[in-house]
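Here is a friendly walk through a two-chain model, taking helix pairs, overall build, the interface and two single residues in turn. Please keep the structure open as you read.

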Amino acid sequence: MKYERPTTLKAAAQMLAKEKGKAFILAGGTDLLVRLRTGFIEPDLIVDIKDTAGARSIQKTASGFKIGAAVSGAELGENAALKKAWPGVVEAANLIGSKQVQGRCTMTGNLCNASPAADSVPALVAAGAKAVVVGPKGKRTLAVEDVPAGPGRTSLKKGEIIESLILPKRAPKSGDAYLRFIPRTEMDIAVVGVGVNLTLDGKGIVTKARVALGAVAPTVVLVPAAAKAIIGTKLDKAALDALAAACAAACNPIDDKRGTREFRIKVAGVLARRAARIAYKRAGGK
Amino acid sequence: MSGITVNTKINGDPVEFICEADETLLDVLRNRLGLTGAKEGCSTGDCGACSVTVDGRLTCSCLVLGAEAEGRDIGTIEGMAQGEHLHPLQSKFLEHAALQCGICTPGFLVAAKSLLDKNPDPTETEIRFGLAGNLCRCTGYDKIVRAVQDAAKEMRSAKAKSAKTKTAAKKRA
């Protein structure tokens, strides 16, 4: 196995594209090293991208926030401006693992690991985040929901690397939230996760919304019907009932030791209601 | 396989070592540098027995490659006591009998120090959440939490005392 630490993403992409064996990207390593140590993968090449430009920075730009691929969960949690604009995204990322894992884990890694139960991904999808991808053929941008292709699989091509995640600029009176269910209080994998992001008008009526579910399908899913259920409302009981029903209808979960199919479908609706209420309050609604 | 030469800093001292690409920082610390304070529990980042700091950030050394230590600043349990003088956390762990077999103790101490560096006056809940990445299979957690609370108290009063002395010294000057 070779270990490389290039200083540009272009060089990193070329190394990955040229490698004939199995190549992997290393940022936080909290998934990669576990798979390496348990013999699940046998890499020929590991490309550490932490020294590439911008990999470890959070930039506030005119069009939102640009979060480098190697920014850790702990760094996200310490960024006051990001936390204020996107509290749901930050709380989702901060739910991953322990303090030790937070010191290294990244949202980009969480996305590329492509677990259906990834905590930060429903929040990113609800936020309308974009992934900036650098590859041998140049740059492209894709919606976060288009990155995972199935459990453990992404739509990225050989040599492609996510450089950063872009969170859009916040409209006034907007809020987001992420909730998950786990049987313990900490250090567990989501049985169901729900991200809600919404914008209100001056009267407290929801004008825009995005709702995403985790751990209830092979990939994290964006649920337009759930957003539709609350747009034009003040989140009254009927709207929340319709939201819960739309979320339950979008579930296609597995049955496993952490939760039955029936339980996951029910909990998706329950968490969607609660997350929507939190997002609504954060947006300044009463 | 040719080794990778790595220049790093461990507990403030410059260190150079050679490692293979697939060796973890934990392997390097224990097998190449003789720093056996960090323990290997799970090797999957779940138990926290191998906790160290990298550039001041708490992390599991089993989840870091040795080669990644290049140019970084690593802190291990070996750097916690000042010579014969134990860190208050270490003294309080002894006083409260917050250990039995001791395998998890170095990890708990490194994690607890990292917690108190950021939050000198944590609530019990904050301590329990802050140490959720450290597993203990014999003592249980109550004694550990009490030891951390007691150490935090002592460290706060020591800090207040030294601030007072400094102000008094300034006044005299």
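## A helix pair in chain B

Helix α2 (residues 88-95) of chain B and helix α3 (residues 105-118) of chain B have axes that come within 10 Å and cross at roughly 130°. The axes are lines fitted to C-alpha atoms, for helices over the stretch in contact, and the angles run from 0 to 180 degrees between N-to-C directions. α2(B) and α3(B) are therefore oblique to each other; angles under 35 degrees count as roughly parallel, over 145 as roughly antiparallel, 65 to 115 as roughly perpendicular and the rest as oblique. The crossing of α2(B) and α3(B) is right-handed. By convention, a crossing is left-handed if the near helix is turned anticlockwise from the far one by less than a right angle, and right-handed if clockwise.

Which residues make the contact? On the α2(B) side they are Leu89(B), Gln90(B) and Phe93(B), and on the α3(B) side Thr105(B), Leu109(B), Ala112(B) and Lys113(B). Two residues are in contact here if their C-beta atoms, placed from the backbone, lie within 7 Å. By class, the contact of α2(B) with α3(B) has four nonpolar residues, two polar and one charged. Ala, Val, Leu, Ile, Met, Phe, Trp, Tyr, Cys and Pro count as nonpolar, Asp, Glu, Lys and Arg as charged, and the others, Gly among them, as polar.

A word on the source: this is a predicted model, in which local features need pLDDT of at least 70 and side-chain atom pairs count only at pLDDT 80 or more, while totals for chains, interfaces and linings use all residues. Residues are numbered from 1 along each chain as its sequence is written, and chains are lettered from A and ligands numbered from 1 in the order in which they are written.

## A helix pair in chain A

In chain A, the axes of helix α5 (residues 87-94) and helix α8 (residues 120-127) come within 8 Å and cross at roughly 165°. That makes α5(A) roughly antiparallel to α8(A). Their crossing is left-handed. From α5(A), Gly88(A), Val89(A), Ala92(A) and Ala93(A) meet Ser120(A), Pro122(A), Ala123(A), Leu124(A), Ala126(A) and Ala127(A) of α8(A). The residues of this contact of α5(A) with α8(A) divide into eight nonpolar, two polar and no charged.

## The two chains as wholes

Chain A has 11 helices and 14 strands. Helices (H or I, at least four residues) and strands (E, at least two) are DSSP runs, numbered from the N terminus. The radius of gyration of chain A is 19 Å, close to the 19 Å that the globule rule gives for 286 residues, so chain A is as compact as a globular protein of that length. That radius is taken over C-alpha atoms, and the globule rule is 2.2 Å times the number of residues to the power 0.38.

Chain B comes to five helices and five strands, and from the N terminus on its elements run β-β-α-β-β-β-α-α-α-α.The table sets out some values for each chain. A residue is buried if 20 or more other C-beta atoms lie within 10 Å of its own, exposed if 12 or fewer, and partly exposed in between, with C-beta atoms placed from the backbone.

| Chain | C-alpha span along principal axes | Buried residues | Contacts with a separation of 6 or more made by residues 24 or more positions apart |
|---|---|---|---|
| Chain A | about 60 × 45 × 35 Å | 52% of 286 residues | 64% |
| Chain B | about 60 × 45 × 25 Å | 41% of 173 residues | 59% |

## Where the chains meet

How many residues of each chain take part in the contact between chain A and chain B? There are 22 residues of chain A in contact with 23 residues of chain B. On the chain A side, the elements that give two or more residues are β1 (2-4), α2 (32-37), β3 (45-48) and α6 (99-102). α2(A) gives the most to this side, with four residues. By class, the side of chain A that touches chain B has nine nonpolar, seven polar and six charged residues.

## Two residues of chain A

Let us finish with two strand residues. Leu26(A) is found in strand β2 (residues 23-26) of chain A. Is Leu26(A) buried or exposed? Leu26(A) counts as buried because 23 C-beta neighbours lie inside 10 Å. Leaving aside neighbours within four places in sequence, Leu26(A) is in contact with Leu32(A), Ile46(A), Val47(A), Asp48(A) and Ile49(A). Leu26(A) and Lys234(A), 208 residues apart in sequence, are 44 Å apart in space, C-alpha to C-alpha.

Gly175(A) is found in strand β11 (residues 174-181) of chain A. With 23 C-beta neighbours inside 10 Å, Gly175(A) counts as buried. Beyond neighbours within four places in sequence, Gly175(A) is in contact with Leu198(A), Ala279(A), Tyr280(A), Lys281(A), Arg282(A) and Ala283(A). The C-alpha atoms of Gly175(A) and Thr108(A) are separated by 22 Å, with the two residues 67 residues apart along the chain.
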